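I opened the notebook to go through one protein chain, step by step. I start with the sequence and the structure.

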Amino acid sequence: VQLQASGGGVVQAGGSLRLSCDASGLSFRNYVMGWFRQAPGKKRDFVATITRSGDMTRYVESAEGRFTISRDNAKNMVYLQMDALGPEDTGVYYCAAGFSSSYYRGLITTDSQYRYWGQGTQVTVSS
């Protein structure tokens, strides 16, 4: 199984980035997908998750209204559109895959429930 995250970079405050995660080696439709962020010197924190169907999402409060998670099951891809970025969004962003028996309602917000992790992509927001 491989989760290849990309799309990170350096952006000024107020700017936007779109992260992508290319999943291979797994039955993508069977997995809830999530994004986590690890800021320098801090633990890895939940950012967003999406059900297997793509119909339901959940975000950390600080990302509500600014970030949008989406997935394309035909392409085995998950995305994180990030708008109105601020310095507090700086960190390494990881995509993750976790199994859920529910196609329409399963969401996962805790990192221990994710089975597979990507290598991370760095996002730096300058003020």
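**Entry 1: a term I need.** Two strands pair if DSSP finds at least two bridges between them. I keep this in mind for the partners below. I also note that the model is predicted.

**Entry 2: the strand pairs.** I looked up strand 3 and strand 8. They pair in the antiparallel sense, over six bridges. I picked out one bridge: leucine 17 has methionine 82 of strand 8 as its partner. Strand 3 covers residues 17–24, and strand 8 covers residues 77–82.

Next I checked strand 7, residues 67–72. Strand 7 also pairs with strand 8 in the antiparallel sense, and I count six bridges for this pair. Here aspartate 72 has methionine 77 of strand 8 as its bridge partner. So I have strand 8 pairing with strand 3 and with strand 7.

**Entry 3: the turn.** How many residues lie between the strands in the hairpin of strand 7 and strand 8? I find four. Asparagine 76 in this hairpin takes a positive phi near 60°.

**Entry 4: cover.** I asked how much of strand 8 is buried. Five of its six residues are, which leaves the strand mostly covered.

**Entry 5: one residue up close.** I chose serine 20, which lies in strand 3. Is serine 20 buried or exposed? Its relative accessible area is 15%. Buried means under 20%, so serine 20 counts as buried. I then listed its contacts, leaving out residues up to four places away in sequence. Serine 20 touches Gln4, Ala5, Ser6, Trp35, Met77, Val78 and Tyr79. I see Met77 among them, and methionine 77 is the bridge partner of aspartate 72.

**Entry 6: the whole chain.** I stepped back. The protein chain has eleven strands and zero helices. Written from the N terminus, every element reads β. Of the 127 residues, 47% count as buried.

I looked at contacts next, taking those with a separation of 6 or more. Residues 24 or more positions apart account for 63% of them.

**Entry 7: size and surface.** Why does the chain fit a compact globule? With 127 residues, such a globule would have a radius of gyration near 14 Å, and the protein chain has 13 Å, which agrees. The C-alpha trace spans about 40 × 25 × 25 Å along its principal axes. The chain exposes about 6,300 Å², and carbon and sulfur atoms supply 44% of that.

**Entry 8: charges.** I found 13 positive and 10 negative side chains. The centres of the two sets lie 7 Å apart.

How values were computed:
Residues are numbered from 1 along each chain as its sequence is written. This is a predicted model: local features need pLDDT of at least 70, side-chain atom pairs count only at pLDDT 80 or more; totals for chains, interfaces and linings use all residues. Side-chain values use heavy atoms; hydrogens and water are left out. Helices (H or I, at least four residues) and strands (E, at least two) are DSSP runs, numbered from the N terminus. The radius of gyration is taken over C-alpha atoms; the globule rule is 2.2 Å times the number of residues to the power 0.38. Buried means under 20% relative accessible area, exposed over 50%, partly exposed in between (1.4 Å probe, protein chains only). Contact means heavy atoms within 4.5 Å. Accessible areas come from the Shrake-Rupley method with a 1.4 Å probe; for residues, only the protein chains shown count as cover. Lys and Arg count as positive and Asp and Glu as negative; His and the chain ends are not counted. The place of a charge is taken as NZ of Lys, CZ of Arg, CG of Asp or CD of Glu.
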